[in-house]
Amino acid sequence: MSLHRFPVEEALLVVERALDEDLDSGTDVTTVATIPAGQVSVSHVVARADGVVAGLPVVGLVVDAVHGRLHTGTVAVEEHVADGDRVARGDRLATLRGSTRTTLIAERTTLNVLSRTSGVATHTRRWADLLEGTGATVLDTRKTTPGLRALEKYAVRCGGGTNKRMGLYDVAMIKDNHKLAAGGLTAAFDAIRSRFPVVEVQVEVTTTEEALEAVAAGARFLLCDNMSPDLLRDTVAAVRGTGESVEVEATGGLTLEVVREYAETGVDYLSVGGLTHSSPIVDIALDLDVHA
């Protein structure tokens, strides 16, 4: 499966911050007291539930970071699956060989990140599977866990979804408060075009009339917010009738139960904040075998 690159630099920041939480300026007092310094072992990262894997490179990043901090010994990581793969309960995702101290100190940080990102990928895959054949794609939003945006948006891609904007800097998005503050939809659009002429502008609309105003102003991406399927279908038809090439997104209150009904209105995208703010984790564990 072809995916955009794993966000290594961003992941390293997350790993270092997570290890700060666990270690502060000290060490793992339990592991150092109970595990001989030279002990080596084999352990396996194992799925305890079905799901879609995302973030597996984090395993290697964490064990390397632990050894780099504490000089507890190296650990080699062998990955058995790839990000984006579906896995079943009991599947081995990776095998670790090396320092037992490093492995155990790294365990919780590794599993916290990997379970979270795999949860986002698994949730996204449910949406992507339901949209298959409709021509519509599920998008994420900026409703991400602070500090984890790059990893969570990577996980969305692993699950078959598509990233929308990464932040406030790469796409302009005119919402209700911007319209009120700027004196109207067209005024807000014109202000952005004047100040940032090459930035993509997306406009949130709630009626067919607003959608047509946005297209007339120059918008080529519309967010149709909290529209019923019937209103959305009429709005898509009206926008297509302008002859302009406009991408249309349904957003607001979408659920898995109604996803196909909304997709069949003719929209290009369905925007779902829940991909990142409400995904349950995938249960993933580390099984240690000191005798292997």
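**Notes on the predicted model: an enclosed helix and a parallel sheet**

1. A good place to start is helix H5 (residues 149-158): nine of its 10 residues are buried, so the helix is largely enclosed by the rest of the structure. Please keep in mind that this is a predicted model.

2. Which residues of H5 are buried? They are Ala150, Leu151, Glu152, Lys153, Tyr154, Ala155, Val156, Arg157 and Cys158. You will notice that Glu152, Lys153 and Arg157 are on that list. For Cys158, the relative accessibility is 1%, which is under the 20% cut-off, so this residue counts as buried.

3. What covers the buried residues of H5? The cover includes helix H1 (8-23), strand S2 (51-52), H4 and helix H11 (274-277). Just after H5, have a look at the backbone of Gly160, where phi is positive, at about 95°.

4. Now to the sheet. Six strands form an open sheet with parallel pairing, in the order S6-S11-S10-S9-S8-S7. At its edges are strand S6 (137-139) and strand S7 (171-174), each of which pairs on one side only. From one strand to the next, the twist averages 25°.

5. At the S6 edge, the partner is strand S11 (residues 269-271): the two run parallel and are joined by three bridges. Within this pair, Val138 stands opposite Leu270 in S11. Helix H4 (residues 100-131) packs on the sheet here, touching both S6 and S11, and its direction makes about 155° with that of S6. H4 is also among the elements that cover the buried residues of H5, which makes H4 a handy link between points 3 and 5 when you browse the model.

6. Turning to S7, helix H7 (residues 185-195) lies across this strand and strand S8 (200-205). The helix runs at about 165° to S8.

7. Is Thr31 buried or exposed? Its relative accessibility is 6%, under the 20% cut-off, so Thr31 counts as buried. This residue sits in helix H2 (residues 29-34). Leaving aside residues up to four places away in sequence, Thr31 touches Arg101, Leu104 and Ile105.

8. Finally, the cysteines. Cys224 is buried, with a relative accessible area of 1%, and Cys158 in H5 is buried too. How many disulfides does a search of the whole structure find? The search finds zero.

Definitions and conventions. Residues numbered from 1 in each chain as written. Predicted model: local features only at pLDDT ≥ 70, side-chain atom pairs only at ≥ 80, totals over all residues. Heavy atoms only, no water. Helix = DSSP H or I, 4+ residues; strand = E, 2+ residues; numbered from the N terminus. Buried < 20%, exposed > 50% of the residue type's maximum accessible area, 1.4 Å probe, protein only. Contact = heavy atoms within 4.5 Å. Disulfide = S-S within 2.5 Å. Pairing = 2+ DSSP bridges. Axes fitted to C-alpha atoms, helices over the stretch in contact; angles between N-to-C directions.
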